[in-house]
Amino acid sequence: MFRAEDYVKVRDLEEAYELCQKRSSLVVGGMVWMKMTSLTKRVIVDLSGLGLDEIEETEDGFSIGCMCSLRQLEVHEGLNRYFGGIFKECTRHIVGVQMRNCATVGGSIYGRFGFSDVLTCMMALDSYVELYKGGRIPLAEFAARPVSGKERDILVRMIIRKDGRKAAYASQRNSQTDFPLIACCVSRLGHYWDVSVGARPARAQVIRILDDGHDSLGQLAKEAAEHFTFGTNLRGSAGYRKALAQVYIRRLMESLTGRSVSKG
Ligand SMILES: Cc1cc2nc3c(=O)[nH]c(=O)nc-3n(C[C@H](O)[C@H](O)[C@H](O)COP(=O)(O)OP(=O)(O)OC[C@H]3O[C@@H](n4cnc5c(N)ncnc54)[C@H](O)[C@@H]3O)c2cc1C
């Protein structure tokens with residue numbers, strides 16, 4: 001069971017940052033994940049009084065505060081309209097509505113969990129993490145960093161640029177609300193595909209491939225799946241995951257282009 005001796009609802013980010021520099025302190029989101037651990041902390045730092053629970057849409061993009069819930073992503077009209085419903089699709093299988101009302105975007109991205117649908121989804125977009133001290137960095141760069149207790153920054157918000165890309169998302173689960181066995185997000189901008197695959201079971205990575213019109217979507221999906229490594233755990237084998245990834249990548253590409261699989 002997770003234990004904490006004290007709780008501070010901070011007045012600003014500087015106070016949160018200072019408190020978090022001690023190993024015995026921890027910033028928390030919805031605590032949905034933390035409560036499953038057996039950590040003991042002296043102080044937990046709550047950001048819920050800082051107005052970081054809004055999704056703001058501008059002409060250029062979306063700004064998603066770290067305290068937004070997964071449910072907010074799921075039902076946000078602007079996000080889902082612009083990105084073809086991928087935020088609804090990537091969240092709707094996560095446990096249940098009550099849980100999604102509590103789990104936060106900050107906790108989901110900062111945690112960089114291997115099984116994360118949300119990380120997989122955002123990785124295929126032009127997305128950035130805004131850290132209080134570290135500034136704005138591409139999500140793919142942040143996701144590649146090892147999760148370490150020494151890293152004591154605060155994820156303030158996510159920025160997703162509207163760059164005109166189309167995107168589609170799919171996951172497969174052994175049962176409806178289980179962790180995903182594989183998670184794929186594909187986006188298309190110009191002649192490029194960005195393909196993100198998570199739950200391999202390692203954390204999501206994204207690759208970019210050129211579509212010059214010479215290869216069928218089946219060939220492109222095969223090429224994309226070859227870029228990733230896959231592992232085995234109790235949910236499925238590496239070989240099964242790779243086969244699923246290839247099929248889902250192709251289907252997502254088809255759904256975005258209307259091009260048929262018949263070429264291979
Ligand atoms: C039973 C269960 C099943 C789940 N299934 C899925 C699933 O199928 N797919 C999926 O994508 N996710 C799944 N999740 C994960 C869930 O969606 C959230 O990602 C997770 O709960 C973390 O969000 P939180 O708000 O609870 O974070 P917390 O538990 O509060 O924090 C998690 C970590 O993030 C850090 N943190 C939180 N906020 C910040 C911040 N602003 N800045 C810096 N660090 C921060 C904390 O210090 C901690 O290390 C599941 C979780 C549970 C408990």
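Where does V95 lie? In the loop between helix 4 (86–91) and helix 5 (97–100). Helices here are DSSP runs of H or I with at least four residues, strands are runs of E with at least two, and both are numbered from the N terminus.

Ground rules, quickly. This is a predicted model, where local features need pLDDT of at least 70, side-chain atom pairs count only at pLDDT 80 or more, and totals for chains, interfaces and linings use all residues. Residues are numbered from 1 along each chain as its sequence is written, and side-chain values use heavy atoms, with hydrogens and water left out.

Back to the backbone. V95 has phi near 55 degrees, which is positive, and V95 is not a glycine. The R200 to P201 peptide bond is cis, with omega near 10 degrees. P201 sits in the loop between strand 11 (192–198) and strand 12 (205–210). For background, most residues other than glycine have a negative phi, and most peptide bonds are trans.

Now the ligand. It is surrounded by 34 residues, counted when a heavy atom lies within 4 Å of it. V27, G30, T104, S108 and D117 are the closest. By class, the shell has 23 nonpolar, 7 polar and 4 charged residues. Nonpolar means Ala, Val, Leu, Ile, Met, Phe, Trp, Tyr, Cys and Pro; charged means Asp, Glu, Lys and Arg; the others, Gly among them, are polar.

Which elements each supply at least two residues of the shell? Strand 2 (25–28), helix 6 (105–111) and helix 7 (117–123). Helix 6 gives the largest share, 4 residues.

Next, polar contacts, meaning N or O pairs within 3.5 Å; within protein, one atom must be able to donate a hydrogen and the other to accept it, and residues adjacent in sequence count only if both atoms are side-chain atoms. A polar side-chain atom of T104 is 2.6 Å from a ligand oxygen. For D117, a polar side-chain atom is 2.7 Å from a ligand nitrogen. M34 uses a backbone N or O atom, 2.8 Å from a ligand oxygen. Overall, the protein covers 92% of the 970 Å² of accessible area that the ligand has on its own, by Shrake-Rupley with a 1.4 Å probe.

Strand 2 also holds L26. Beyond four places in sequence, L26 touches C20, M34, K41, V43, I44 and V45, with contact meaning heavy atoms within 4.5 Å. Its C-alpha is 40 Å from that of Y192, 166 residues apart along the chain.

Last, R188, in strand 10 (residues 182–189). The R188 side chain reaches the backbone oxygen of G190 at 3.4 Å. Outside four places in sequence, R188 contacts R165, K166, W193, D211, L256 and R259.
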